[in-house]
Structure formats: structure tokens, C-alpha cells
Amino acid sequence: MNKKSIILCLAMMFLPFFASARDFMVGGIYYNITSEADKTVEVTSSDGTEYSGSITIPATVTHNGVEYSVTSIGRYAFYNCSSLAAITIPESVTSIGSSAFYNCSSLAAITIPESMTSIGSSAFYNCSNLKTVINYSDLPLQRGYSNYGYVAGYADRVIYLDEVI
């Protein structure tokens, strides 16, 4: 195998990690169409500009006259967004991908909606200021544990649905 072939193989091997599908942007948030038939999208990473401040993910977005339901937060969607202070997740979202909020060190609280069925590995890893987790889902989140992507790994408290009502 010559040098060009090796470089090409390496580039192709790492391309999925660095490349991210960004089909469109609405309101400063990038989306990837996950199903044209079901009209669903996931939140995906930005174009290199860090998401920051408070972000509200809408339950639906419209692009080219088509309304899509936002059903997931994709892998690496908010990766390394150290200035992301708050995120609001709608009931339409059922999953959070691996490393989605990795190293979002300014994120202090999060509410997991009742609709949530999965949280990927390291989804909230190194979110060292994430101290309050409000859990409306059936996921058994535990304070101080790394299960469910460290969502409660740094938490001082995890509040469950029956405690909020």
C-alpha cells in the first residue's frame, strides 16, 4: 500500500467523527433530517461556532414548507460548548446521543422530559456545574453515578416527578 492510499484510508476512517450532517438551521440551531417519511429531525452540531447562553429546542421546526418533529439530540450536538448555560428540551425529544453535552461546563441544571427513553454514553461527561437534575422520565437516574451518560454524575440532587408535583 502506498503512502497516498494510507492517508486516504485514515482520512476516511476519521471522517465520520469530524463530519456532521447539517441539513438546515432554524433559529440558530442546526438540524439533521433523520426521516423524510416520518418528518423527524435531530439537533446536530453547529458549524464550528459554539452554542452559548440559553437555548430552547422547539418541539417542531419548519424547513422549506415542511414541518418536522424534533425527536433527538444527536451525538456531539453541544460538544465542548463551555458557554452553554441552560437548555430546554421539549417532550418530543426521546433520546440524547453520546457526548451530546460533553464538556458543557457552564450548564447548571437540566430537566429530563417524561418522553426520554435513552441517554447515550458520556452525554453529560465533564459537565462539572450540572448540580440539579429534574427527572420526569422513567430513567432511574442516580446522583453521583455515571449511568445514563453522567447526567447526574456531578449533581447535588436529582428531583423526580413525584417530588415536583
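## A serine in a loop

S99 makes contact with Y76, Y79, S121, S122 and A123, leaving aside residues up to four places away in sequence. You can find S99 in the loop between β8 and β9. Keep in mind as you look around that this is a predicted model.

Is S99 buried or exposed? Its relative accessibility is 9%, so S99 counts as buried, because the word applies under 20% relative accessible area.

## Two residues with positive phi

One of the contacts of S99 is Y76, and this tyrosine deserves a visit of its own. Y76 sits in the loop between β6 (66-73) and β7 (84-88). Its relative accessibility is 23%, so Y76 counts as partly exposed.

The backbone at Y76 is worth a look too. Most residues other than glycine have a negative phi. Y76 is not a glycine, yet its phi is positive, near 60 degrees. N103 is another residue of this kind: it is not a glycine, and its phi is positive at about 65 degrees. Look for N103 in the loop between β8 (95-96) and β9 (109-112).

## The whole chain

Now step back to the full protein chain, which has 165 residues. Its secondary structure consists of two helices and 12 strands. Read from the N terminus, the order is α-β-β-β-β-β-β-β-β-β-β-β-β-α, with a helix at the start of the list and a helix at its end.

What percentage of the residues count as buried? The value is 38%. The chain exposes about 8,800 Å², and carbon and sulfur atoms supply 52% of that area. Take the contacts between residues at least 6 apart in sequence: 42% of them join residues at least 24 apart.

## A sheet of three strands

Strands of a sheet pair through backbone hydrogen bonds, either parallel or antiparallel. Here you can trace an open sheet of three strands in the order β9-β11-β12, and the pairing is parallel. Which strands form the edges? They are β9 and β12 (157-160), each of which pairs on one side only. On average, neighbouring strands of this sheet are turned by 15 degrees against each other, direction ignored.

To follow one pairing by eye, start from β11 (residues 132-135), which runs parallel to β12 and is joined to it by four bridges. Within this pairing, T132 stands opposite R157 in β12.

## A buried valine

V93 lies in the loop between β7 and β8. Its relative accessible area is 0%, so V93 is buried.

Which residues does V93 touch? Not counting residues up to four places away in sequence, they are V70, T71, S72, I73, P113, S115 and M116. You can also compare positions along the chain and in space: V93 and I112 are 19 residues apart along the chain, and their C-alpha atoms are separated by 9.5 Å.

## A buried glutamate

The last stop is E42, in strand β3 (residues 40-44). E42 is buried, yet it has no salt bridge. Where is the nearest side chain of opposite charge? It belongs to R75, 8.1 Å away. A salt bridge needs a distance within 4 Å, so this pair does not count as one.

What does E42 touch instead? Apart from neighbours within four places in sequence, E42 is in contact with Y30, Y31, N32, T34, S72 and G74. S72 also appears among the contacts of V93.

Notes:
Residues numbered from 1 in each chain as written. Predicted model: local features only at pLDDT ≥ 70, side-chain atom pairs only at ≥ 80, totals over all residues. Heavy atoms only, no water. Buried < 20%, exposed > 50% of the residue type's maximum accessible area, 1.4 Å probe, protein only. Contact = heavy atoms within 4.5 Å. Areas by Shrake-Rupley, 256 points an atom, 1.4 Å probe, with all protein chains shown as cover. Pairing = 2+ DSSP bridges. Axes fitted to C-alpha atoms, helices over the stretch in contact; angles between N-to-C directions. Lys, Arg positive; Asp, Glu negative; His and termini not counted.
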